[in-house]
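Me: I should like to go through the terms used for this model and the grounds on which each is applied. Please set each value against its cut-off.

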Amino acid sequence: MSFDLEAYAPVQERIDEFYRDFPSGCIKTRLVRDDGPEVVFEARAYRSPEEVKLGVYTSGWAREVEGKSPVNRTSHLENCESSAIAIGP
């Protein structure tokens, strides 16, 4: 399977689309693991305040290793958090 860059929507576009569809929604992230070079983030997307109260959400998870790619040499935390958001909503 190959990656089609033309079909790829940047994370910020996906976030903007989420908030257009769910203006009272929210996206929350949490650092699950920061174990040496490895980090894991979870992102939770809630479509409404009611879903927050009820604990109903869609989640996305991501794992990155510091130094494994050019972007992860300097920004593995940020890259991992963005990846979790992109997978979730």
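Me: Why is Glu17 called partly exposed?

Reply: In this predicted model, Glu17 has a relative accessible area of 42%. Buried requires under 20% and exposed over 50%, with partly exposed in between; Glu17 is therefore partly exposed.

Me: Where is Glu17 placed, and what makes Glu13, Asp16, Glu17 and Asp21 a negative surface patch?

Reply: Glu17 lies in helix α1, which covers residues 11-21. Asp and Glu count as negative, and a patch takes residues with over 30% relative accessible area and no salt bridge, joining like charges within 9 Å. The 42% of Glu17 satisfies the area cut-off. Together with Glu13, Asp16 and Asp21, Glu17 therefore forms a negative surface patch.

Me: Why is Ala84 called buried?

Reply: Its relative accessible area is 0%. The term buried applies under 20%, so Ala84 is buried. This residue belongs to helix α3.

Me: How do you know which residues Ala84 is in contact with, leaving aside neighbours within four places in sequence?

Reply: The criterion is heavy atoms within 4.5 Å. On that basis Ala84 is in contact with Phe41, Glu42, Ala43, Gly60, Trp61 and Ala62. For one of these partners, Phe41, the C-alpha atom is separated from that of Ala84 by 6.1 Å, although the two residues are 43 apart along the chain.

Me: Is Gly67 buried, exposed or partly exposed, and why?

Reply: Gly67 has a relative accessible area of 35%. Since partly exposed is the class between under 20% and over 50%, Gly67 is partly exposed. Gly67 is placed in the loop between β3 (58-65) and α3 (76-87).

Me: What does Gly67 touch, not counting residues up to four places away in sequence?

Reply: Gly67 touches Asn72 and Arg73. As for Pro37, 30 residues away along the chain, its C-alpha atom and that of Gly67 are separated by 7.8 Å.

Me: What pattern does the protein follow along the sequence, and how many helices and strands are there?

Reply: The pattern reads α-β-β-α-β-α, with three helices and three strands.

Me: What share of the 89 residues is made up of buried residues?

Reply: Buried residues account for 30% of the 89 residues, the cut-off being under 20% relative accessible area. The protein exposes about 6100 Å², of which carbon and sulfur atoms supply 51%.

Terms used: Residues numbered from 1 in each chain as written. Predicted model: local features only at pLDDT ≥ 70, side-chain atom pairs only at ≥ 80, totals over all residues. Heavy atoms only, no water. Patch = residues over 30% accessible without salt bridge, like charges linked within 9 Å, V, L, I, M, F, W, Y side chains within 5 Å. Areas by Shrake-Rupley, 256 points an atom, 1.4 Å probe, with all protein chains shown as cover. Salt bridge = Lys/Arg side-chain N within 4 Å of Asp/Glu carboxyl O. Charge placed at Lys NZ, Arg CZ, Asp CG, Glu CD. Helix = DSSP H or I, 4+ residues; strand = E, 2+ residues; numbered from the N terminus. Buried < 20%, exposed > 50% of the residue type's maximum accessible area, 1.4 Å probe, protein only.
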